[in-house]
Amino acid sequence: MNYGLIGEKLGHSFSKEIHEALADYSYELCPLNPKEFHAFMQARQFKAINVTIPYKKEVLPYLDEIDTAAKTIGAVNTIVHKNGKLKGYNTDYDGFRYMLIKHHIKVSDKKVLILGNGGASAAVQAVIKDADAKELIVVSPSAKNGAISFAEVYAKHRDVQIIINTSPKGMYPHVDEAPIDLQDFPSCEAVLDIIYNPLVTRLGLQAKKYGIPFVGGLEMLVAQAVYAVNYFLDASFTNADIDRLYQKILWEKINIVLIGMPSAGKTSIAKELSKAMQMTYLDSDEEIVKTYRQSIPEIFIQEGEAGFRQKEQAVIAFIALRNHCVLATGGGAILNEANMNALAQNGIIVFLDRNIEKLTCDATRPLSKDPQTLKQMYRQRLPLYQRYAMITIKNNEDLATCVKAIRTQLKQWITNRKDENI
């Protein structure tokens, strides 16, 4: 291997795509257990590598030189093999600092809580100290090496103002986990999570629910990778390259989730939009039929609406983990907050708002079988569609017009990053 990433579990990593989009080399993901890690470092058969959980501190004894900043931090995430020597750097510091500056998160004179005490945490701690935080609290389950216990945090530090997650809690595939409950921290002004898969963690979703500014880890990941490539190749990529690459990777990872009433055009628009944007098309109702080998009317007859909603939740939780998809949802998906949380972790929610007189009844669907039932449903669901929508598109014209409007709004959304959750 010439260039790549080492760590214990790398199935969630976006690093290969980022590096190969930036530099002209093959970048390999190399998962290593502890025994393999030691053998790998002793062999030194690479030109340059990145290091992730749990080896950012464990690599230190194998290095011939350590950059001054990395030595101060006590962790390395970038190693260059040059002239027979291994030199370590820490670009996590630069990546996290970039994220703070980019999103105007002020930590000076603030009380800051960092969740986790591993190698990434060491870099984040250094940034926070250099930014003149008033007080820095580090918490980890082991409560060792300067960290305190969660019990002590809850007993003495509920007044923290900035919360930063550097732990793996909430990382794919364990997307339903969160390291803390933000209800317990009423003074919190901003939340940052260095996890980038999913794009918005469960912690981030809760921050959004409470109106707390949130920044996810994708931008930090891209920034630290760009800084690492500068070391790998003696290159001079800039912050403009970080922003360009961030938007490219975000486009490749984000899902477009269509919500709206039955017959609002979600399926037909999703098919056309997926073709136009070269994304994968998925329809939650179609996936329910494939998964359970029953039609939706059959599920309603046998199990009622409650049984159908249970199956719908399971299917949505699964397909929401995908990337680069256009997802058409059933009209009632918004009735379950768990569905919308799952879809929002990797998705931009687009509400297709079609005038009620243009909606059509379907005698085979129990919940939209006649005009009166349909109107009642519309009145009940409209506030939920509006609540969850990140973009609203009026779909009262032809298919091409609607698809064009969605693409225009999506481009503006990504470029402007109006929602700091993404």
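**Notes on a predicted model: salt bridges, a sheet and some unusual backbone**

1. Glu287 is a good place to start: its relative accessible area is 16%, under the 20% limit, so this residue counts as buried. Please keep in mind as you read that this is a predicted model. The side chain of Glu287 meets that of Lys290 in a salt bridge, with N and O 3.5 Å apart. Both residues belong to helix H11 (residues 284-292), where they sit three residues apart, about one turn of the helix. Lys290, in contrast to its buried partner, is exposed, with a relative accessible area of 56%.

2. Another group of charged residues is worth finding: Lys111, Glu135 and Asp159 are joined into one network by salt bridges that share partners. As background, side chains of opposite charge can pair when their charged atoms come close. Within this network, Asp159 and Lys111 form a salt bridge at 2.7 Å, N to O. Asp159 is in the loop between helix H6 (150-156) and E9, while Lys111 is in strand E7, so their pairing ties together parts that are 48 residues apart in sequence. Is Lys111 buried or exposed? At 7% relative accessibility, Lys111 counts as buried, whereas Asp159, at 40%, counts as partly exposed.

3. Helix H6 has a salt bridge of its own, between Glu152 and Lys156, whose closest N and O atoms are 3.6 Å apart. These two residues are four residues apart in the helix, so about one helical turn separates them. Glu152 is partly exposed at 29% relative accessibility, and Lys156 is exposed at 55%. A search of the whole structure finds 22 salt bridges.

4. Now trace the sheet. Five strands form an open sheet in the order E8-E7-E9-E10-E11, with parallel pairing. At the edges are E8 and strand E11 (214-215), each of which pairs on one side only. Strands of a sheet pair through backbone hydrogen bonds, either parallel or antiparallel. For one pairing to look at, take strand E7 (residues 111-115) and strand E9 (residues 162-165), which run parallel and share four bridges. Which residue in E9 is the bridge partner of Leu115? That partner is Asn165. Helix H7 lies across E9, E10 and E11, and runs at about 160° to E10.

5. Some backbone details deserve a second look. Most residues other than glycine have a negative phi, and most peptide bonds are trans. A cis peptide bond joins Ile53 and Pro54, with omega about 5°; Pro54 is in the loop between strand E3 (48-51) and strand E4 (65-66). The bond from Asn197 to Pro198 is also cis, with omega near 10°, and Pro198 is in the loop between strand E10 (190-193) and helix H7 (202-209).

6. Two aspartates have a positive phi: near 65° for Asp132 and near 55° for Asp234. You will find Asp132 in the loop between helix H5 (119-130) and strand E8 (135-139), and Asp234 in the loop between helix H8 (218-233) and helix H9 (239-253). Asp132 is exposed, with a relative accessible area of 55%. Asp234 is exposed too, at 61%.

7. Finally, a word on confidence. The mean pLDDT of the protein is 94, and 97% of its residues reach 70 or more. Where does pLDDT stay under 50? It does so over residues 418-422, for which the model has 22 contacts beyond four places in sequence.

Terms used:
Residues numbered from 1 in each chain as written. Predicted model: local features only at pLDDT ≥ 70, side-chain atom pairs only at ≥ 80, totals over all residues. Heavy atoms only, no water. Buried < 20%, exposed > 50% of the residue type's maximum accessible area, 1.4 Å probe, protein only. pLDDT = per-residue confidence, 0-100. Contact = heavy atoms within 4.5 Å. Pairing = 2+ DSSP bridges. Axes fitted to C-alpha atoms, helices over the stretch in contact; angles between N-to-C directions. Salt bridge = Lys/Arg side-chain N within 4 Å of Asp/Glu carboxyl O.
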